[in-house]
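Work through the exercises below with the model open. Each task is followed by a stepwise solution.

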Amino acid sequence: MEVTQVLLNAQSIDGAVRKTAEESLKQFQEQNLPGFLLSLSVELANEEKPVETRKLAGLILKNALDAKEQHRKFELVQRWLSLDTNAKSQIKACLLKTLSSPVSDARSTASQVIAKVAGIELPQKQWPELISLLLSNVHQLPAHAKQATLETLGYMCEEVSPDVIDQDQVNKILTAVVQGMSASEGNTDVRLAATRALYNALGFAQANFSNDMERDYIMRVVCEATLSPEVRIRQAAFECLVSISSTYYEKLAPYIQDIFNITAKAVREDEEPVSLQAIEFWSSICDEEIDILEEYGSDFTGDSDIPCFYFIKQALPALVPMLLETLLKQEEDQDQDEGAWNIAMAGGTCLGLVARTVGDDIVPLVVPFIEENITKPDWRQREAATYAFGSILEGPSPEKLLSLVNVALTFMLSALTKDPNSHVKDTTAWALGRIFEFLHGSAVDSPIITQANCQQIVTVLLQSMKDTPNVAEKACGALYFLAQGYEEVGPSSPLTPFFQEIVQSLLTVTHREDAGESRLRTAAYETLNEVVRCSTDETASLVLQLVPVIMMELHNTLEGQKLSSDEREKQSELQGLLCGCLQVIIQKLGSSEPTKYVFMQYADQIMGLFLRVFACRSATVHEEAMLAIGALAYATGPDFAKYMPEFYRYLEMGLQNFEEYQVCAVTVGVVGDISRAIEEKIVPYCDGIMTQLLKNLSSNQLHRSVKPPIFSCFGDIALAVGEYFEKYLMWAMSALQSAAELSTHTAGDDELTEYTNSLRNGILEAYSGVFQGFKNSPKTQLLIPYASHILQFLDSIYIEKDMDDVVMKTAIGVLGDLADTLGSHAGSLIQQSPSSKDFLNECLSSEDLMIKESAEWAKLAISRAISV
Amino acid sequence: MAPHDLRRPFKRAAISDQQKRRELSLLRQEQNRRDAQQQARCLASSILSLQSPVPESEPEQSDIELETAPEIEKESGTLSKDLDVPRASKLRGPEVRKWFARQLMLPEWMIDVPDRLSQDWYVYARPAGKRCFVVSSNGTTVSRQRNGSILHHFPSALPAGAKTRDSSGSGQSYCILDCIFHELDQTYYVIDMVCWNGYSLYDCTSEFRFFWLNSKIEESGACNPPSCYHKFRFSTVPVYTCDQNGLYAAYTGVVPYVKDGLLFYNKHAHYQTGNTPLVLVWKDENCSQYVIDTDSKGEIPSQQQVVLELQDNGKLVTSDDPPVLFGYLDGDIIQKSGLHSGNLLRFAVSDGGLSFVDGKLDKADLNYLGKANRGRAFADSYSKVVFQFTVRHSPLKIDDLLASINSPDDQEKKPCDVEMVG
């Protein structure tokens, strides 16, 4: 096969030619994979070939090594590892050779492919000579090869994890990279490649950052690079600083003053891509300090992992004026451009983070700026002042802000109606929303909103909902937080007198011609939802009246025929919003008996609408409709059984939706809702549901976060159907057992520990459901064979000492359930278990009432089981 | 390598409403799952048994009530260990009275101030009225006094307490509350919770029971004004941590009921039937109309009177376990009056009074008056006798209690929270 020609054809404008070429590439690959990959690498390395075919050859090669989806990636890795060694050596030789090609695209493609191969082979201890080969390149070859080699090292560091490369080699890589970055490197491309490589290599430099001399050296070179005449190098150097700020926060103290000077100069004078990174450095420091302070509270003792160095507090007097300056550099229409990101936005965001980091201290530094600019004729000054005000509302104490906010509130309400500039109004509405979010609600002692100004606030916000879409969207947001603040207000809400008017205005907004811009329609429905959620019994009848209104809206979306794909997407989005709204209403009305009773007259029609929403799509189900059905099942109770014959196919479809795992997870939750609602009436559907759930568990394509809820769902079903669960017992128990073995140890990072705990919780909830479901049935003895394994599982997770409170509560409950259901059969097993007693005692003396409650129950059940 | 995207959310709420709806759904599902589990567990046969953990042979002791309990028979036969409430509610006659009479936790009288009051104890003002057990089950509610007799039979908003349309509760659901019925406002003041909706709280600490009591009673609707399905109002009493402020609030605070002394509960104590030193009663004139015992005519006798049990060899003892010896009755009197072991006898404390050595009773100057009222079931407890004695001579005053909370002694005994590193 003439590879070059096929690769050219594969990029032809003629679709038919392209298709034939793709077909023959596919055939070649299937018939002879090593030969195929080898000829691609030969093509890439061949200096006589056109650059397009070399690039494409490299790209296909790269795609043969890596994929986004985990399971596909795993397959490709296995395939490469099992490939003929000889072919692999030849391919790798071609790739390395290409690094010194004069054609920059070829070099760059080769760099990426080498990194992918390294990502597969280095963890397997293969290709041991790679790093030394690359390093020798750096020291010998012409500049362009040196550049490509540094780039390769950078990509490689991105692909492999630090523990794969030993410290000796890390040292050599860092030495080469940092030398390439230094001012003495004459070639700009080399210096840029080295700087970008360092960004990826920073994660490998733990040991080097602990060595004062090496750290000083790296920091000096990075700081020097921020002063390079080449803008791309300055930008890359600042990116390194940003990364260092989070990875090596605790090592920054000696350099922070210098870094401040460098960043301040960049923010004020440099080109935007550079100044954005300079601001990001401080935002990132804020992130770190907020995390540290949140984790340790104010009583930091000094022996915790990472101390807070209060860099922001120290830099405050200089940092705040620098950020305030940036606020005046707005772009004309940034508030209408979804993708906008500029120095004013970055500076404003950073100011908000600074306020959260230092609290009260920021207020006196910002107030003069607000006062000076808020009434100026130039809209930029008014907008900057308003933004500054809005951004310091989170962080400082309400006491510190109260007098300022009381004055500002009146001013803002007037500005929102009268300011001639749309950008100013946008920011004003946003700032009002921030006032309501942070300074209004049951947690705040002295209320900002009183009987005297509530009417005016509502009037102004409703008025602003008629403004341009971006302003109206912010006004909706402000109303959202206004309503939220009254969530726990008690039987009577100050918003009651305005309820009808608010709902009417929000519905009007959803019908605006331009409601598709600036997320306006979404914001209006979200606000409507919050207004309903936070409403009181006084307005229950008005919420009831809303039901047929939203139903009619949903009905209207079902009328359109023959939609274009664009229209279909819009229809689906609107249906999502309406189903979401119905879900909130159902949950609200279903939570009290009298309103639930009246609401039930609509249940059949609503369910009919949901089924039609499902029918709008052929292969997938609508997540929002599914969530709403869960709420409906809960409200309807046993009567929900009558919807099952029609609904079941969508339930199954939802459970099969691996790609949109959120949909799958939501559907699993709904199975639980339905089980509780209709109990044994779910039996006719159990075969299908259980089969699908077991399939999902054994699939490696399904996102792992869905697995714990599937286990919990086993418990829900078992509890609902009782001994009928016998049919599935063996399968469910074996799935639980193997998952239990996997989840005994949590070795790994916090995220993995959290996941393991959620898995444990799901497994334990399943056991609880099974035991309680079988209780008092003649088939209890079927569970006896599983008891010792379950006790072992409880023992081992107790011994691991890394349960969270939720798992602890569920686990001790399972011990009780086991004793309760198996009685004397369990008594001796429990007494033999090494840690049951300690575990129970620990739970009995827990501060957590839920744990204690479960433990008290377990204690009773066990004492009964033992005494019999 | 392209520059890294550093855009951050701008003027946006951090969480989307859809995400919020998802999370609220999950929260609701979690709650519902918990409820379903809880319900399943409550149907458990294992927690229904409410046998008294007190050994059968333990003598019963008197409650703080001064009106003597009529017609309680002496220990009669044993009760089945497996007696449960639904079955207990089917018992008839003396059996049932006996059973219920043994289910209450009875406080000792406070004769000295316990350590660590402010850390380990709660205090509240006891409502004046009839101590009773309120049991709701099978759609009806029954209140029984300490002697087992029925006070009221009525529908209530307690779980399983009335036959209402929406009573979804299973037949096995029931509640047992420890209450005081306050005549004046016809209200049951719930002072402790023993079982709630089938869920036993016997083996829970009072800290936990009070928490549960306060959250559950309110949400059940039992505190609502009386209605067709809810004949009497229930109410909780304000319970305070027994620090200076709490004690002062319980002592002086305005409550909607007439006070009859203060009750002190050890936070860690389980609900233990019978007498317990982990619940204490204390009174003075300011917080109770009944500080000093009255006689059968309701008048305060000039000399303190005590009821003691006569044992073999003329021993005179209290109802405590083990009994406290107060002295010996002269053989002549025994013979002359035809007394025998087991009789309850009334004595007056003469001028010699009670004398103590190292905090223990050394001598009692007693004057035999005669047999005790036939209605009496038990002798007085040691703590009651001593409390009544000190009330007449050198009462334990509220200031003493307040002072003990602040005393350096109390401070010293506090366990140190800070671990020394040195």
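The exercises cover a charged patch, a strand with its partners, an open sheet and one serine.

This is a predicted model, in which local features need pLDDT of at least 70, side-chain atom pairs count only at pLDDT 80 or more, and totals for chains, interfaces and linings use all residues. Residues are numbered from 1 along each chain as its sequence is written, chains are lettered from A and ligands numbered from 1 in the order in which they are written, and side-chain values use heavy atoms, with hydrogens and water left out.

**Exercise 1.** Locate the negative surface patch and place Asp749(A).

Step 1. Apply the patch rule: residues with over 30% relative accessible area and no salt bridge, like charges joined within 9 Å. A salt bridge is a side-chain nitrogen of Lys or Arg within 4 Å of a carboxyl oxygen of Asp or Glu.

Step 2. List members. They include Asp291(A), Glu294(A), Asp749(A), Asp750(A) and Asp805(A).

Step 3. Assign elements. Helices H16 (272-296) and H37 (750-774) of chain A each supply at least two patch residues. Helices are DSSP runs (H or I, at least four residues), and strands are runs of E with at least two.

Step 4. Place Asp749(A). This residue lies in the loop between H36 (726-742) and H37 of chain A. Asp749(A) has 45% relative accessibility, so it counts as partly exposed. The classes are buried (under 20% relative accessible area), exposed (over 50%) and partly exposed in between, with a 1.4 Å probe and protein chains only.

**Exercise 2.** Is strand E3 (residues 130-137) of chain B enclosed or open, and which strands pair with it?

Step 1. Check burial. Seven of the eight residues of E3(B) are buried, so the strand is largely enclosed by the rest of the structure.

Step 2. Find partners (at least two DSSP bridges between two strands). E6 (residues 174-182) of chain B pairs antiparallel with E3(B) over eight bridges; Lys130(B) faces Phe181(B) there. E4 (residues 140-145) of chain B is also antiparallel to E3(B), over six bridges. Here Val134(B) stands opposite Ser143(B).

Step 3. Inspect the hairpin. Two residues lie between E3(B) and E4(B), and Asn138(B) takes a positive phi near 50°.

**Exercise 3.** Find the edges of the open five-stranded sheet in chain B.

Step 1. Read the order: E1-E12-E11-E2-E10, with mixed pairing.

Step 2. E1 (105-109) and E10 (240-241) of chain B are the edges; each has a single partner strand, so one side of each lacks a neighbour in the sheet.

Step 3. E2 (residues 121-127) of chain B pairs antiparallel with E10(B) over two bridges. Val123(B) is opposite Tyr240(B).

**Exercise 4.** Classify Ser355(B) by accessibility.

Step 1. Ser355(B) sits in strand E16 (residues 344-357) of chain B.

Step 2. Ser355(B) has 26% relative accessibility, so it is partly exposed.

Conventions
Patches are made of residues with over 30% relative accessible area and no salt bridge: like charges are joined within 9 Å, nonpolar side chains (Val, Leu, Ile, Met, Phe, Trp, Tyr) within 5 Å. Accessible areas come from the Shrake-Rupley method with a 1.4 Å probe; for residues, only the protein chains shown count as cover. Lys and Arg count as positive and Asp and Glu as negative; His and the chain ends are not counted. The place of a charge is taken as NZ of Lys, CZ of Arg, CG of Asp or CD of Glu.
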